Amino acid sequence: MAKVTNFFVALLLISSLLLAPYLSISEAADNSVPIVSGLSWTFYKTSCTKLESIIRTQLKKVFDNDIGQAAGLLRLHFHDCFVQGCDGSVLLDGSASGPGEQQAPPNLSLRAKAFEIINDLRNRVEKACGRVVSCSDIVALAARDSVYLSGGPDYGIPLGRRDGLTFATVNATLQNLPPPFANATTILSMLATKNFDPTDVVALSGGHTVGISHCTSFTTRLYPTQDPTMDKTFANNLKVICPTVNSTNTTVMDIRSPNKFDNKYYVDLMNRQGLFTSDQDLYTDSRTRGIVTSFAINETLFFEKFVVSMIKMGQLSVLTGNNGEIRANCSVRNADNKSYLASVVEELPVEEAWSDL
């Protein structure tokens with residue numbers, strides 16, 4: 001009896017130690033993630049006090065009508081930040097100099113509606129505050145609210161990004177976005193160049209807990225022979241949706257809770273029901289298997305690590321201060337960018353002007 005009592009006491013102590021750091025996910029992230037010089041947690045405190053309320057209120061209406069748009073906005077932020085940094089360059093249309101990032105193969109499946117939503121949010125914000133908020137900040141806030149409004153954690157993000165003046169080439173876009181057929185080694189190597197460790201990689205991959213995929217992103221795992229790491233029943237169900245290697249249909253990324261931001265994506269992986277090679281190999285590979293398991297068991301832990309990794313990602317190669325511009329139209333560079341910068345550059349408190357990550 002004493003042994004049983006001691007076991008439960010030890011279990012309670014371990015649980016309290018595990019849960020204590022996660023009582024406030026936002027506060028934990030605020031304290032643990034270095035902030036790039038030029039960004040601030042309170043950047044629009046005086047220049048656009050209702051910014052976050054405007055965006056969240058409108059997105060709630062959008063998601064009440066179509067929760068699928070949440071995944072589209074989250075993905076847009078990923079594809080913006082991984083290529084040339086979080087500068088809104090993915091929003092730019094192509095020009096005489098060449099095709100924009102949207103024309104690169106990995107971005108062809110970005111939702112057209114996501115771009116419309118961002119421009120609509122930009123117009124609403126400008127109507128309330130004037131042209132003081134960048135499109136890149138709006139994309140970051142929309143991604144955060146997409147996570148929260150679909151069931152995930154709520155958290156603060158540093159703001160003050162400027163919009164880029166150029167878009168990346170198609171080749172640069174391809175080189176910076178891991179393809180769905182990449183294995184864990186490739187993904188870990190690609191993201192290590194952006195200072196992400198294996199925990200970051202697994203946490204960010206958890207964004208696949210919401211959204212859909214086109215068949216062509218994974219049918220090579222079904223045809224001509226089935227990938228042995230894929231559950232047979234799961235594979236047979238996918239073959240009904242995608243009867244040929246070139247099928248144009250779509251299916252959900254997370255079969256357990258496709259429209260809810262939770263940790264079920266990791267449960268999928270443990271059951272060999274990951275859709276992409278880049279998903280399932282995170283459980284197959286010994287370097288990331290334990291992280292997948294811990295997130296599948298502990299959703300709070302996943303949420304905390306996801307927030308930290310998202311804040312890190314949201315600061316990749318950002319433009320701040322007098323660099324870049326604040327676009328009047330998110331899809332087009334301003335004809336004269338200089339006049340919309342000087343008046344809105346915030347003088348940061350010393351404790352927030354930290355060095356780069």
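# Close-up views of a predicted model

**Figure 1. The largest pocket.** The largest pocket holds about 1000 Å³ of space. Keep in mind that this is a predicted model. The pocket's lining runs to 37 residues, and Arg 75, His 79, Pro 178, His 208 and Phe 276 are the ones nearest its centre. Where does the lining come from? At least two residues each are supplied by helix 4 (68–82), helix 8 (184–192), helix 9 (198–205), strand 1 (212–214) and helix 12 (277–284). Helix 4 is the top contributor, giving 7 residues. Sorted by class, the lining has 23 nonpolar, 11 polar and 3 charged residues.

**Figure 2. His 208, one of the residues nearest the centre of the largest pocket.** Look for His 208 in the loop between helix 9 and strand 1. The UniProt record, an unreviewed entry, puts a "binding site" feature here. Is His 208 buried, exposed or partly exposed? Its relative accessibility is 28%, so His 208 counts as partly exposed. Setting aside residues up to four places away in sequence, His 208 touches Met 253, Asp 254, Tyr 265, Phe 276 and Asp 279. Phe 276 has turned up already, as another of the residues nearest the pocket's centre.

**Figure 3. Three more positions with a "binding site" label.** The unreviewed UniProt entry also gives the "binding site" annotation to Thr 209, Asp 254 and Asp 262. These positions span 54 residues in sequence, but no two of their C-alpha atoms are more than 9.9 Å apart, so they gather at one spot. Zoom in on Asp 254, which is found in the loop between strand 2 (250–252) and helix 11 (264–270). With a relative accessible area of 0%, Asp 254 is buried. Which residues does Asp 254 contact, leaving aside its neighbours within four places in sequence? They are His 208, Thr 209, Asp 262, Lys 264, Tyr 265 and Asp 268. Thr 209 and Asp 262 in that list carry the "binding site" annotation too, and His 208 has its own "binding site" feature in the record.

**Figure 4. A salt bridge between distant parts of the sequence.** Here Asp 154 pairs with Arg 56, and their closest N and O atoms are 2.8 Å apart. Asp 154 sits in the loop between helix 6 (135–149) and helix 7 (170–176), while Arg 56 belongs to helix 3 (residues 51–65), so this salt bridge ties together parts that are 98 residues apart in sequence. Asp 154 counts as partly exposed, at 34% relative accessibility. The pair also belongs to a bigger picture: Glu 52, Arg 56, Arg 144, Asp 145 and Asp 154 are linked in a network of salt bridges. The structure as a whole holds 14 salt bridges.

**Figure 5. Two other salt bridges.** Lys 113 and Glu 116 form one of them, with 3.6 Å between the closest N and O atoms. Both residues are in helix 5 (residues 112–129), and because they are 3 residues apart, about one helical turn separates them. Lys 113 is partly exposed at 41% relative accessibility, and Glu 116 is partly exposed at 49%. Now turn to Asp 285 and Arg 287, whose closest N and O atoms are 2.8 Å apart. Asp 285 is buried, at 13% relative accessibility, whereas Arg 287 is partly exposed, at 43%.

**Figure 6. The largest cavity.** How many cavities of 30 Å³ or more does the structure hold? There are 2, and the largest has a volume of about 70 Å³. Lining this cavity are His 77, Ala 140, Arg 144, Tyr 155, Ile 157, Pro 158, Arg 161, Met 310, Ile 311 and Gly 314. Helix 6 and helix 14 (299–313) are the elements that give two or more residues to the lining. By class, the lining has 6 nonpolar, 2 polar and 2 charged residues. One lining residue, Arg 144, is also part of the salt-bridge network that includes Asp 154.

**Figure 7. The second largest cavity.** About 40 Å³ of space lies in this one. Around it you'll find Arg 122, Val 125, Glu 126, Gly 130, Arg 131, Val 132, Val 133, Ile 138 and Ile 326. Helix 5 provides the largest share of the lining, 3 residues. The lining divides into 5 nonpolar, 1 polar and 3 charged residues.

How values were computed:
Residues numbered from 1 in each chain as written. Predicted model: local features only at pLDDT ≥ 70, side-chain atom pairs only at ≥ 80, totals over all residues. Heavy atoms only, no water. Salt bridge = Lys/Arg side-chain N within 4 Å of Asp/Glu carboxyl O. Helix = DSSP H or I, 4+ residues; strand = E, 2+ residues; numbered from the N terminus. Buried < 20%, exposed > 50% of the residue type's maximum accessible area, 1.4 Å probe, protein only. 1 Å grid on protein atoms, 1.4 Å probe; cavity = no way out; pocket = protein on both sides within 12 Å on 5 of 7 lines; lining within 4 Å. Points joined across faces, edges and corners; volume = space filled by probe spheres on them. Nonpolar A, V, L, I, M, F, W, Y, C, P; charged D, E, K, R; others polar. UniProt positions renumbered as here; feature names shortened; annotations may be inferred. Contact = heavy atoms within 4.5 Å.
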